[in-house]
Amino acid sequence: EMWSWESMATERTWNILDVLAKISKDRDRSMANIATRWLLDASDCDVVLVGASRMEQFRNNMEVLDFKLTDAEIQELNEVSRPDRTYPHNFHDLFCRKGAPNYGGLR
């Protein structure tokens, strides 16, 4: 199964949720609003599709139009959510870049 609890319940995911919760509390906004605003403000996405089964949820979703995140908040969310570099990039970082820990091969 591609999506499982084990694949999603990672330290990275918990760290993202911690930052979303902190910004949410500081801004007195829902975590969903902060996450949606982050998608819009981070410039990686032009459209966010949201759904609601009750009018209250729809109104809450529309609150993202009333504020923007600061550059510092966006940077904090981007940093905490950045995925680990995988092969071949991590190999290059370890062995091929001058100044890398194992530049030129293992010693």
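In this predicted model, the side chains of E73 and R27 meet in a salt bridge, with nitrogen and oxygen 2.9 Å apart. E73 belongs to helix 5 (residues 71–81) and R27 to helix 2, so this pair ties together parts of the chain that are 46 residues apart in sequence. The two partners differ in their surroundings: E73 counts as buried, because its relative accessibility is 12%, which falls under the limit of 20%. R27, with a relative accessible area of 25%, is partly exposed.

The salt bridge between E73 and R27 is one of four that a search of the whole structure finds. Another is formed by D41 and R37, whose closest N and O atoms are 2.9 Å apart. Here the partners are close in sequence: D41 and R37 are four residues apart in helix 3, and they are therefore separated by about one helical turn. Both residues are buried. For D41, this assignment rests on a relative accessible area of 14%.

D41 also takes part in a salt bridge with K68, in which the N to O distance is 3.8 Å. That value lies within the 4 Å allowed for a salt bridge. K68 is placed in the loop between helix 4 and helix 5, whereas D41 is in helix 3, so the pair ties together parts that are 27 residues apart in sequence. Unlike the buried D41, K68 is exposed, because its relative accessible area is 56%. Through shared partners, the salt bridges join R37, D41 and K68 into one network.

The packing of the helices can be considered next. The axes of helix 2 and helix 3 come within 8 Å and cross at roughly 105°. An angle from 65 to 115 degrees counts as roughly perpendicular, and helix 2 and helix 3 are therefore described as roughly perpendicular to each other. On the side of helix 2, the contact is made by I16, L17, L20, A21, I23, S24 and R27. On the side of helix 3, the contributing residues are M31, I34, A35 and W38. R27 thus appears in this contact as well as in the salt bridge with E73.

Helix 3 also packs against helix 5, at an angle of about 95° and with the axes 11 Å apart. These two helices are therefore roughly perpendicular to each other as well. In this contact, I34, W38 and D41 of helix 3 meet I74, L77, N78 and S81 of helix 5. I34 and W38 are also listed in the contact of helix 3 with helix 2, and D41 is the residue that bridges to both R37 and K68.

The connections between helices deserve separate attention. D28 is located in the loop between helix 2 (11–27) and helix 3 (31–41). Although D28 is not a glycine, it has a positive phi of about 55°. With a relative accessibility of 71%, D28 counts as exposed, because the limit for that class is over 50%.

The loop between helix 3 and helix 4 contains V48. This residue has a relative accessible area of 23% and is therefore partly exposed. Beyond residues up to four places away in sequence, V48 touches T36, L39 and L40. V48 and R37 are eleven residues apart along the chain, and their C-alpha atoms are separated by 9.2 Å.

Helix 4 (residues 55–62) includes N61. N61 is buried, because its relative accessible area is 14%. When residues up to four places away in sequence are set aside, N61 touches N33, V50, G51 and A52. F58 also lies in helix 4, but with 41% relative accessibility it counts as partly exposed. F58 is part of a nonpolar patch on the surface, together with V50, M55, M62 and L65. The accessible area of these residues together is about 480 Å². V50 therefore has two roles in this description, as a contact of the buried N61 and as a member of the patch that includes F58.

Notes. Residues numbered from 1 in each chain as written. Predicted model: local features only at pLDDT ≥ 70, side-chain atom pairs only at ≥ 80, totals over all residues. Heavy atoms only, no water. Buried < 20%, exposed > 50% of the residue type's maximum accessible area, 1.4 Å probe, protein only. Contact = heavy atoms within 4.5 Å. Patch = residues over 30% accessible without salt bridge, like charges linked within 9 Å, V, L, I, M, F, W, Y side chains within 5 Å. Areas by Shrake-Rupley, 256 points an atom, 1.4 Å probe, with all protein chains shown as cover. Axes fitted to C-alpha atoms, helices over the stretch in contact; angles between N-to-C directions. Parallel < 35°, antiparallel > 145°, perpendicular 65-115°, else oblique.
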